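Here are a few exercises to work through with the model open in your viewer. Try each task yourself before reading the solution.

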Amino acid sequence: MPLHGLPASSAPLQPAHFDIERAVRPNILALHPYRCARDDYQHGVLLDANENALGHSIVPETQDDTLALPLHGYPDPSHPGIKARIAALRGLPGPQNVFLGVGSDEVIDLLQRVCVAPGKEKILITPPTYGMYAVCAQVNDVGVVKVPLQLGGEHGEGGERGRFSLRVDEVKKAIDADPSIRLIHLCSPGNPTGTLISLSAIRSILEYPSFTGVVVVDEAYIDFAGATDHSAVSLISEFANLVVMQTLSKGFGLAAIRLGIALAQPPLIQVLTNTKAPYNVSTPTATLALTALSPASLALTQTKIQTLLAGRAGLLTSLAGLADLGVGPAIGGNDANFVVVPILSRSGDGRPDNKRALAVYKSLAEEKGVVVRYRGGEMGCEGAIRITVGSEEENAFLLQKLKEVLTVL
């Protein structure tokens, strides 16, 4: 079996008695790794990875000198100062409600490892959704049950019943049909949907007595959703079966430092703490994170978020102005730092066109120097491209180049 990512080779392996297919678990040999934005394009105006286009908001509390840190020693294994600032920011009692990981991906992996028995039990996901949930499930040899979100827009966008809302009754039916489901992954606002899941829908799953596992709400984009009452953190005090994941990668503009966050009641936090590697968060990451959570840095973060929200509104207006060239109305709730728009057929029938959308995506990246993300292969996203909200200059450049491409293709 050829390994994904490695060219086939006829060269003999030594020693002769070694066979990698016998040494590696079958589920790992068959694994298709998560394909991130940088796997496709690395240069140009990069509006494909939902990074914070305005950068970080760190206001140094002291003279910043990474090389002066005690890099010879192991880092603090618990980082109580960071946890205290996060707890205060999110309105939780204290550090006992906070877990820190190497990006949200470590949190996803740990939760599956501690909650789902390999080869026996399953997770439930709601596509279209973040791809790492399923990748981690295959790595951990656990099954995946899929209950798609509401894919049609006949009831509007988002909310309780609109496009990309959670189909609560269908989730409950899946739970009833398969008691081996131990973990439910919800993404709010979703990726690629950009749509909040209502707290009433999340509450309904948490309260469902037939489900005795854990509900995980991924809030990577919550800082772009507006009012703070959209966050499932408000439910943590009521529900011991809830984990809310957040990150410093998006709103805080610190994707490079890889700091993910789990928020929950103390028992689940302690389980994660007991399971993690002893020094998972590095000293440079911890130092930057602590400063990013200072009052001055938080104030600047909010200023930049408001700038991006204004940019999102302007981008949506400008994209609507390209309707005659085949840009359809944005789909989803537009609750994140990106927008999703379908590229329509040139025939004028108003239908999303995957072939044209893919051609637009490639032309923008390879000829115009603008990289967005093609999402037409995702459920409910036919013909769609996902565009990260950029700076004012980046948005203007994107719109100019998109117009040029649509005129030709």
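**Exercise 1. A loop residue and its contacts**

Task: Find which loop holds L31, and decide whether L31 is buried or exposed.

Solution. Keep in mind that this is a predicted model.
- Step 1: L31 sits in the loop between α2 (26-29) and β1 (45-46).
- Step 2: The relative accessibility of L31 is 15%. Buried means under 20%, so L31 counts as buried.
- Step 3: Leaving out residues up to four places away in sequence, L31 touches H4, V135, Q138 and V139.
- Step 4: Take the pair L31 and C136, which are 105 residues apart in sequence; their C-alpha atoms are 9.8 Å apart in space.

**Exercise 2. From a loop into a strand**

Task: Place N97 relative to α3 and β2, then work out which way the residues of β2 point and which strand β2 is joined to.

Solution.
- Step 1: N97 belongs to the loop between α3 (80-90) and β2.
- Step 2: With a relative accessible area of 5%, N97 is buried.
- Step 3: Apart from residues up to four places away in sequence, the residues that N97 touches are L92, A262, L263, A264, Q265, P266 and I269.
- Step 4: Now move to β2, which covers residues 98-101. V98 and L100 point one way, F99 and G101 point the other way, and all are buried.
- Step 5: β2 runs antiparallel to β8 (residues 260-263), and four bridges join the two strands. One of the bridge pairs is G101 with G260 of β8.

**Exercise 3. Backbone torsions to check**

Task: Look up omega for the bonds P127 to P128 and N191 to P192, then phi for H79 and N334; where in the chain does each of these residues lie?

Solution.
- Step 1: Between P127 and P128 the peptide bond is cis, and omega is near 0°. P128 is in the loop between β3 (122-125) and α5 (132-139).
- Step 2: N191 and P192 are also joined by a cis peptide bond, with omega about 20°. P192 is in the loop between β5 (181-187) and α7 (199-206).
- Step 3: H79 is not a glycine, yet its phi is positive, near 50°. H79 lies in the loop between β1 and α3 and is buried, at 8% relative accessible area.
- Step 4: N334, which is not a glycine either, has a positive phi of about 55°. Its loop is the one between α10 (295-320) and β9 (338-342), and its relative accessibility of 18% makes it buried.

**Exercise 4. The whole chain**

Task: Compare the radius of gyration of the chain with the value for a compact globule, then describe its fold content, contacts and surface.

Solution.
- Step 1: For 409 residues, a compact globule would have a radius of gyration near 22 Å. The chain has 22 Å, so the two agree.
- Step 2: Along the principal axes, the C-alpha atoms fill a box of roughly 60 × 55 × 50 Å.
- Step 3: The chain contains twelve helices and twelve strands, and 51% of its residues count as buried.
- Step 4: Take the contacts with a separation of 6 or more: 71% of them are between residues 24 or more positions apart.
- Step 5: About 18,500 Å² of the chain is exposed, and carbon and sulfur atoms supply 55% of that area.
- Step 6: Finally, the chain has 34 positive and 40 negative charges, whose mean positions are 3 Å apart.

Methods
Residues numbered from 1 in each chain as written. Predicted model: local features only at pLDDT ≥ 70, side-chain atom pairs only at ≥ 80, totals over all residues. Heavy atoms only, no water. Buried < 20%, exposed > 50% of the residue type's maximum accessible area, 1.4 Å probe, protein only. Pairing = 2+ DSSP bridges. Rg over C-alpha atoms; globule rule 2.2 N^0.38 Å. Contact = heavy atoms within 4.5 Å. Areas by Shrake-Rupley, 256 points an atom, 1.4 Å probe, with all protein chains shown as cover. Lys, Arg positive; Asp, Glu negative; His and termini not counted. Charge placed at Lys NZ, Arg CZ, Asp CG, Glu CD.
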